[in-house]
Each structure stands twice: as C-alpha cells, then as structure tokens.
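Open the model in your viewer and keep the sequence panel beside it. We will go from stop to stop, selecting a few residues at a time.

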Amino acid sequence: QVQLVESGGGLVQAGGSLRLSCAASGRSLDSYDMGWFRQAPGKEREFVASISWRGVTSFYVDSVKGRFTISRDKAKNTVYLQMNSLKPEDTAVYYCNFDPHRESMVLPWGLGTQVTVSA
C-alpha cells in the first residue's frame, strides 16, 4: 500500500527558509506529475505547486511564485519543496500528492508536515 510521508517542517521567522520532503513507499512516483498542497487553520486544503513526471516543467500559484521551488529525485522516490522568503501567511500543514490538474487518481493523504512562520 502506498504511503506518503512529508517532513522538513518547523518553526521559522519571516524571511527564513525550509525544505520540505515527500517520500513515497509502496509505489513509484516516476510516471506521475506531483504536487504540493497546504492547509491553513480553518481553511480548505489548497494546491501550491506541481512538477511534471520528467521534472522539467513546474507550476506555482501566484502567492508562492518566485519564493518556492519544487523538485524531485526519482532515485529516492521523493519530491521536495524549497521555501524561501517565508511569510506568516505560509503557515499551514503541507502535503504532497499527485497533481490534480494532470492525474485523475489521488493517493492516500499523508499526515503532512507543519510549517509555522512567525512575524
């Protein structure tokens, strides 16, 4: 059974950086476009960024464009999200899954990793 495990979150001051990782077990992610999502307290989970299965093309929502970078390591079956210039509004639990714009399936959601940005 596939399992997604997100890690790398933490508490950081505004302007700081974090690198999130999403490791998958039980299934290869090689052939799938992947995405990062986040859910802030009291809000619905939202799409943040995606990367093509080849790792060539990426997409970001406007609120993170220029600050976040998504990447993948197929050998490690892992997807990353480098987050720079963090803002308090980036505070959320971050998750990874298939890119909903490109893939029809949804994997079981992991527990996510908490990112808290203090002002």
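Two strands count as paired if DSSP finds at least two bridges between them. Keep that in mind as we go. One caution before the first stop: this is a predicted model.

**Stop 1: strand S4.** Select residues 34-39, which make up strand S4. Are its residues mostly buried or exposed? Five of the six are buried, so S4 is largely enclosed by the rest of the structure. Buried here means under 20% relative accessible area.

**Stop 2: the partner on one side.** Add residues 46-51, strand S5. S4 and S5 pair in the antiparallel sense, over five bridges. Click Met34 and look across to S5: Ile51 stands opposite. Now follow the hairpin of S4 and S5, with its six residues between the strands. Stop at Gly42 in this hairpin, where phi is positive, near 75 degrees.

**Stop 3: another partner.** Select residues 92-98, strand S9. How many bridges join S4 to S9? There are six, and the two strands run antiparallel. For one facing pair, pick Phe37, then Tyr95 in S9 opposite.

**Stop 4: the whole sheet.** Show all the strands of this sheet. Six strands form an open sheet with mixed pairing, in the order S2-S10-S9-S4-S5-S6. Which strands stand at the edges? They are S2 (10-13) and S6 (58-60). Each has a single partner strand, so one side of each is left without a neighbour in the sheet. Neighbouring strands of this sheet are turned by 25 degrees against each other on average, direction ignored. Zoom in on the S6 edge. S5 and S6 run antiparallel and are joined by three bridges. Ser50 stands opposite Phe59 in S6.

**Stop 5: the core.** In soluble globular proteins, nonpolar side chains tend to be buried together. Here, the largest nonpolar core has 30 residues. Select Trp36, Phe68, Ile70, Val79, Leu81, Met83 and Tyr94, which touch the most other members. Strands S3 (18-25), S4, S5, S7 (68-73), S8 (78-83), S9 and S10 (113-118) each supply at least two residues of this core. Now centre on Tyr94. Leaving aside its neighbours within four places in sequence, Tyr94 has contacts that include Glu6, Leu20, Trp36, Phe68, Leu81 and Val115.

**Stop 6: the salt bridges.** Show the charged side chains. How many salt bridges does a search of the whole structure find? It finds five.

Begin with Asp33 and Arg102, whose side chains meet in a salt bridge at 3.3 Å, N to O. This pair links distant parts of the chain, 69 residues apart: Asp33 is in the loop between S3 and S4, and Arg102 is in the loop between S9 and S10. Asp33 is buried, with a relative accessible area of 7%. Arg102 is exposed, at 61%.

Move to Asp90 and Arg38. Their closest N and O atoms are 2.9 Å apart. Asp90 lies in the loop between S8 and S9, Arg38 in strand S4, and 52 residues separate them. Both are buried.

Finish with Asp62 and Lys65, a salt bridge with its closest N and O atoms 3.1 Å apart. Asp62 is exposed, with a relative accessible area of 65%. Lys65 counts as partly exposed, at 48%. For a last view, select Arg38, Glu46, Arg67 and Asp90, which salt bridges with shared partners join into one network.

Methods:
Residues numbered from 1 in each chain as written. Predicted model: local features only at pLDDT ≥ 70, side-chain atom pairs only at ≥ 80, totals over all residues. Heavy atoms only, no water. Buried < 20%, exposed > 50% of the residue type's maximum accessible area, 1.4 Å probe, protein only. Helix = DSSP H or I, 4+ residues; strand = E, 2+ residues; numbered from the N terminus. Core = buried A, V, L, I, M, F, W, Y, C linked by side-chain atoms within 4.5 Å. Contact = heavy atoms within 4.5 Å. Axes fitted to C-alpha atoms, helices over the stretch in contact; angles between N-to-C directions. Salt bridge = Lys/Arg side-chain N within 4 Å of Asp/Glu carboxyl O.
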